[in-house]
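User: I'd like to go through the labels on this structure and hear what backs each one up. Can you take me through them?

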Amino acid sequence: MEEKNGEKKLEYKSLNIDLVRYKTLYSHKYLLRKTYQKSDPRMIHAFIPGIIRKVNVKKGSPVEMGETLLVLEAMKMKNEIHSPIGGTVKQVHIREGQKVTKSDVLIELE
Amino acid sequence: MGLKQKTADLKKRMREAIKGGGTKAIEKQKSIGKKTARERIISILDPKSFYEYDLFVEHAGKDFDMDKKYLPGDGVVTGTGTINGYPVCIYAQDFTVAGGSLGWMHAKKITKIMDHAMKLKVPLIGINDSGGARIQEGVNALAGYGEIFFRNTMASGVIPQISVILGPCAGGAVYSPALTDFVFVVDKVSKMFITGPEVIKTVLGEEISMEELGGARVHSETSGNAHFFAESEEACFDQIKQLMSFIPWNNEKKAEPFPKKAPKTRQYNIESIIPSDPRLPYDVREVIRAICDDSEFLEIQELFAPNIVIGFARVAGQSVGCIANQPMCMAGVLDVDSSDKAARFVRYCDSFNIPMLTLVDLPGYLPGIDQEHAGVIRHGAKLLYAYSEATVPKITVILRKAYGGGYIAMCSHHLRADFVFAWPTAEIAVMGPEGAANIIFRNEIKNAENPEEMRKHKIKEYKTKFANPYVAAAYGYIDAVIEPHDTRQFVMHALEISSVKSETRPAKKHGVPPF
């Protein structure tokens with residue numbers, strides 16, 4: 001929104017609903033919405049911000065489904081992160097004692 | 001000691017207590033643009049109407065050397081008074097006394113005035129300005145909060161409860177405002193959060209300022225916790241006074257009627273507000289102003305989910321709750337937040353005998369993965385639940401589009417609206433013409449020599465047949481198709497005719513709404 005000669009000039013956008021394009025403004029929240037990303041089981045993300053307490057695997061280690069890859073401590077709770085698939089470790093992005101924020105990539109599998 | 005000396009002694013004691021946290025603490029409070037607790041109460045109430053109680057209450061803390069401390073009034077001011085001549089019970093936390101922290105006796109003062117409000121059946125106003133629980137009192141502080149929350153819940157729907165956040169309101173303390181009907185916040189003064197920036201930083205490593213985490217703007221725009229946003233404390237008090245003029249004292253009364261006043265039709269010409277092309281935007285608040293008395297409309301949650309407009313107005317002197325889709329924002333769709341916002345307001349109006357006027361112009365529900373995953377099903381269902389449950393007079397006017405689930409949700413006859421009127425511009429259909437024609441005539445379009453021509457032709461055919469109010473009117477789903485300039489007349493008559501409306505719902509302990 002822009003002020004011009006005391007009158008608010010509205011910058012309308014278009015919104016498509018059931019194939020009809022409506023001229024309208026976007027809400028603050030609509031602009032902030034996150035685009036959906038399909039989850040990839042090969043990428044191990046931090047589901048909560050915290051500290052890496054233990055890393056059980058190295059680059060190139062073979063892993064089995066359900067194996068504990070690392071321990072992520074958050075909210076006074078030690079969370080074991082298990083491998084969702086079997087395979088090998090492609091990359092380890094963290095070391096013990098490191099602080100991570102939510103959604104950081106911790107380990108990549110292949 | 002004679003009466004004179006005793007009176008002098010009383011005066012001395014009062015002076016001591018009224019000093020609160022002392023000159024220094026008061027200066028600090030004022031330096032950041034905040035008034036003191038008593039000043040705030042006096043500014044909200046009618047002049048000279050405040051009577052204070054429990055001035056000499058002392059705190060009950062024994063541990064950590066607390067027994068040696070004197071905390072005047074235990075950090076909270078309570079009393080009764082009037083607003084626009086209305087009786088109210090009121091309390092204000094005093095930040096100058098131990099940071100307005102809540103101990104057992106502080107809580108007892110609050111619960112005492114709450115119990116009072118319930119007995120007298122008058123509104124309760126709470127001014128929050130507190131650092132949180134008084135840690136030295138341990139579990140007694142928590143018990144205090146619990147006692148307040150229980151009373152907030154019991155009073156909900158019985159007496160109006162108003163929370164004014166004029167300082168920090170953190171941790172468990174925020175749940176009392178959350179349980180009340182209306183939350184007022186002031187820019188740069190109000191701060192609300194469950195866990196503050198410090199804790200978030202140490203525990204989670206995320207850095208954020210207090211203002212960005214839980215400032216007035218955040219709660220007005222993003223979280224939806226606040227209902228009224230003001231630039232200053234004075235502006236906030238004016239909003240409170242205006243709100244009080246629209247609502248009744250308790251759930252057994254109706255809002256006080258005002259003298260009837262015509263709308264400012266020169267400024268708000270109902271015939272020229274709405275573009276006939278259903279894809280073009282306009283400000284639906286102008287339609288409300290064109291219908292209501294003196295064009296006075298008090299909007300609630302103006303900044304949160306602006307795709308639906310809610311608020312109070314008067315028609316022929318009578319308070320009315322308005323709910324209207326806002327085509328100017330997000331084409332007026334229903335989504336998670338707008339359904340939630342409107343549903344709660346519908347329940348408020350129903351609890352306090354305020355008739356509802358619903359203005360409809362929406363293309364349906366907002367499509368999107370984020371909406372589906374955020375639970376648009378259960379949030380959208382709240383609106384259906386609230387309208388169906390409501391037994392106050394319900395008047396609906398369909399201005400333009402009423403498509404799909406949105407048509408049902410916006411107080412249709414099927415959810416027991418008492419009166420449904422439609423303008424000749426109304427389009428009541430299962431979806432917009434483009435989408436509908438594409439599905440119904442899929443094969444004809446696909447097999448046509450010129451599919452684009454055929455599509456256009458079929459959209460036009462669908463528009464002519466269904467994009468009007470007469471199909472719905474033929475089934476009796478619309479009571480009358482009316483000219484826009486007759487809207488006020490029809491609404492006035494509908495209100496008058498349903499003034500003694502009495503409708504019941506099956507007896508039950510309570511339902512299970514999609515909270």
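What follows is a short run of questions and answers about this predicted model.

User: What makes a residue count as part of the contact between chain A and chain B?

Analyst: The test is a C-beta to C-beta distance within 7 Å, with the C-beta atoms placed from the backbone. The contact takes in 29 residues from chain B and 23 residues from chain A.

User: Which helices of chain B each supply at least two residues of the side that touches chain A?

Analyst: Those are α7 (197-204), α14 (369-373) and α17 (433-440) of chain B. The largest share comes from α17(B), with three residues.

User: How do the residues on that side of chain B divide into nonpolar, polar and charged?

Analyst: You get 16 nonpolar, seven polar and six charged. Gly counts as polar in that split.

User: How do you know that β10 and β12 of chain A pair?

Analyst: Pairing needs at least two bridges between the strands. Strand β10 (residues 87-92) and strand β12 (residues 105-109) of chain A have three bridges, so they pair, in the antiparallel sense. As one bridge partner, A:V89 has A:L109 in β12(A).

User: Why are β5 and β7 of chain A called edge strands?

Analyst: The open sheet has four strands in the order β5-β12-β10-β7 (chain A), with antiparallel pairing. Both β5 (43-45) and β7 (62-63) of chain A pair on one side only, and that makes them the edge strands.

User: And where do the domains of chain A lie?

Analyst: The domain assignment gives domain 1 (2-32) and domain 2 (43-109). Taken over C-alpha atoms, the centres of domain 1 and domain 2 of chain A are separated by 43 Å.

Definitions and conventions:
Residues numbered from 1 in each chain as written. Chains lettered and ligands numbered in written order. Predicted model: local features only at pLDDT ≥ 70, side-chain atom pairs only at ≥ 80, totals over all residues. Contact = placed C-beta atoms within 7 Å. Domains from an automatic or database assignment.
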